[in-house]
Amino acid sequence: MSALRAPAPAAPAEPVPPAPEGRPTRRHLLSVADLDPAGIGEVLAVTDHLAEVVRRSIPRVQALRGRTVVSLFAEESTRTRLSFETAARRMSADVMTFSSASSSVKKGESLRDTVETIAAMGVDAFVVRHPAAGAPAQVARWVDAHVVNAGDGWHEHPTQALLDCYTIRQVLAEAAGVPVAQTGTEGFAGLRVGIVGDVRHSRVARSLVLALSMLGARTTLVAPGTLVPPSLEGWPVVGVSHDLDALLPDLDVVYLLRLQLERGTGAYLPSLREYTAGFGLTARRAARLAPHAVVMHPGPMNRGVEIADEVADATRSVVLRQVANGVAVRMAVLYLLLAGPEAPGADELGRSLGVAGG
Ligand code: NCD
C-alpha cells in the first residue's frame with residue numbers, strides 16, 4: 001500500500017554517522033589463513049564461554065535466533081555435519097540440511113544451481129563440505145551468505161584445526177592447574193607436535209600445521225616418503241621424519257591421521273600391515289611417549305591400522321574430547337561470523353550469556 005502513497009519529501013542531507021565501534025567481522029572461514037594468531041585466540045576465548053553453555057542442563061542460547069544456517073555436504077560425514085548442526089541449533093539458528101554424495105553436485109554448474117537455489121530461500125551461512133578443493137571458496141563467490149569450509153578435498157578443514165587447538169589448550173591448562181578460560185595461547189610456544197600418517201591426502205594436517213605454527217608450536221610431519229606431500233611449500237613445519245620410534249619420546253602431542261583409503265592411499269603403500277609396523281601407534285610404541293604426552297585423532301579412526309585399540313581407549317587419548325569440543329568451537333565460529341559487529345566479543349560475551357566468571 002505504501003507504494004501508492006506520494007513519496008515523502010527527501011530528508012535534508014545529514015552527515016553520515018560513523019560506523020559503530022565494534023568487533024571487525026569476517027565474512028568467511030575458508031582457510032586457517034583467514035585468521036591471524038589473535039583471530040585464533042578470539043575463537044578459543046569465545047569457545048570458553050560457549051563450552052560453559054554446552055555444559056548447562058538446557059544447552060541453548062538465543063544468540064543466533066532468526067539466522068538460518070544450511071549444511072551442504074557433498075561428501076560423507078558423521079561427526080562434522082552433526083557437530084555443525086548441533087552447534088547452530090544450540091545458538092538457536094534455524095538449520096537446513098542438504099546431504100548428497102551423489103554425482104549431481106560433483107560438476108561446477110550443478111553445485112552452483114544447488115547453491116543458488118538454497119540461497120534463494122534466505123540463508124545466512126553455508127557450511128560446505130565437498131570432495132573438490134576450493135569448492136567452498138567458489139560458493140562464497142556465488143552467494144552473499146557467510147561460508148564456512150567444513151572440509152574440501154585434500155585442501156583444508158579449518159574448524160577441525162581450531163577444535164584441535166582448543167583441545168590442546170585445555171590439556172595444557174589442566175596440566176598447569178589453571179582454568180582453561182584463564183589461559184591464552186602462550187602454552188603453544190615451543191610445543192612439540194608430531195603429525196603422523198597420510199599427510200599427503202590430509203586437509204586436516206594442512207589446516208592444523210597452519211594453526212599450530214601461528215601459535216608458535218613446532219610441528220614435525222612423520223610419514224613414509226610416499227605419504228609426504230610432494231612439495232612442502234606453504235607447510236610451516238620444523239621437519240619431516242620417517243622414524244616415528246625415534247621421535248616419540250620428544251613429543252608433547254602425537255596427532256594421528258586416518259589413512260585416506262578412499263582417496264587411493266593404498267596405492268602409496270606396500271600393505272596396511274607394513275604401514276602399521278612402521279607408523280601405527282601400537283601399545284608398545286605408545287609406551288615410549290613422555291608421561292604427559294597426549295594422543296589425538298580427528299576421526300574416524302582405522303583401529304588396528306594407524307592406532308591400536310588399547311591406545312585409542314587409553315586415558316592419554318583425547319579423541320572424544322576433540323569431538324565434544326568441536327560443538328563449542330563451531331558455535332563460536334558461527335557466532336563470530338553471524339552475530340554482527342555490535343554483538344559482544346569474547347570479553348563481554350560471558351556476562352551477556354550469564355556464564356559464571358564472564
Ligand atoms: C576428517 C575429514 O573428514 O577430513 N574427519 C573429520 O572431519 N572429523 C578426517 C578424516 O576423514 O580422516
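This report describes the ligand shell, helix α5 and the residue G304 in a predicted model.

**Ligand shell**

The ligand is surrounded by R79, T80, G151, H157, Q160, R203, V204, R258, P298 and G299. Two elements, α2 (79-90) and α6 (203-214), each give two or more residues to this shell. Both domain 1 (32-157 + 323-339) and domain 2 (160-321) contribute residues to the shell, so the ligand lies between the two domains. The composition of the shell by residue class is tabulated below.

| Class | Residues in the shell around the ligand |
|---|---|
| Nonpolar | two residues |
| Polar | five residues |
| Charged | three residues |

**Helix α5**

Helix α5 comprises 19 residues, 158-176. At 1.5 Å a residue, this helix should span 27 Å, and its end C-alpha atoms are 27 Å apart, which agrees with the expected value. The helix is mostly covered, since 15 of its 19 residues are buried. Just after α5 comes G177, which adopts a positive phi of about 75 degrees.

**Residue G304**

G304 belongs to the loop that runs between β9 (294-296) and α10 (309-312). Is G304 buried or exposed? G304 is partly exposed, because 13 other C-beta atoms lie within 10 Å, and a residue counts as exposed at 12 or fewer and as buried at 20 or more. In sequence, G304 and L281 are separated by 23 residues, and their C-alpha atoms are 8.8 Å apart in space.

Technical notes. Residues numbered from 1 in each chain as written. Predicted model: local features only at pLDDT ≥ 70, side-chain atom pairs only at ≥ 80, totals over all residues. Near = placed C-beta within 6 Å. Helix = DSSP H or I, 4+ residues; strand = E, 2+ residues; numbered from the N terminus. Nonpolar A, V, L, I, M, F, W, Y, C, P; charged D, E, K, R; others polar. Domains from an automatic or database assignment. Expected span 1.5 Å × (residues − 1).
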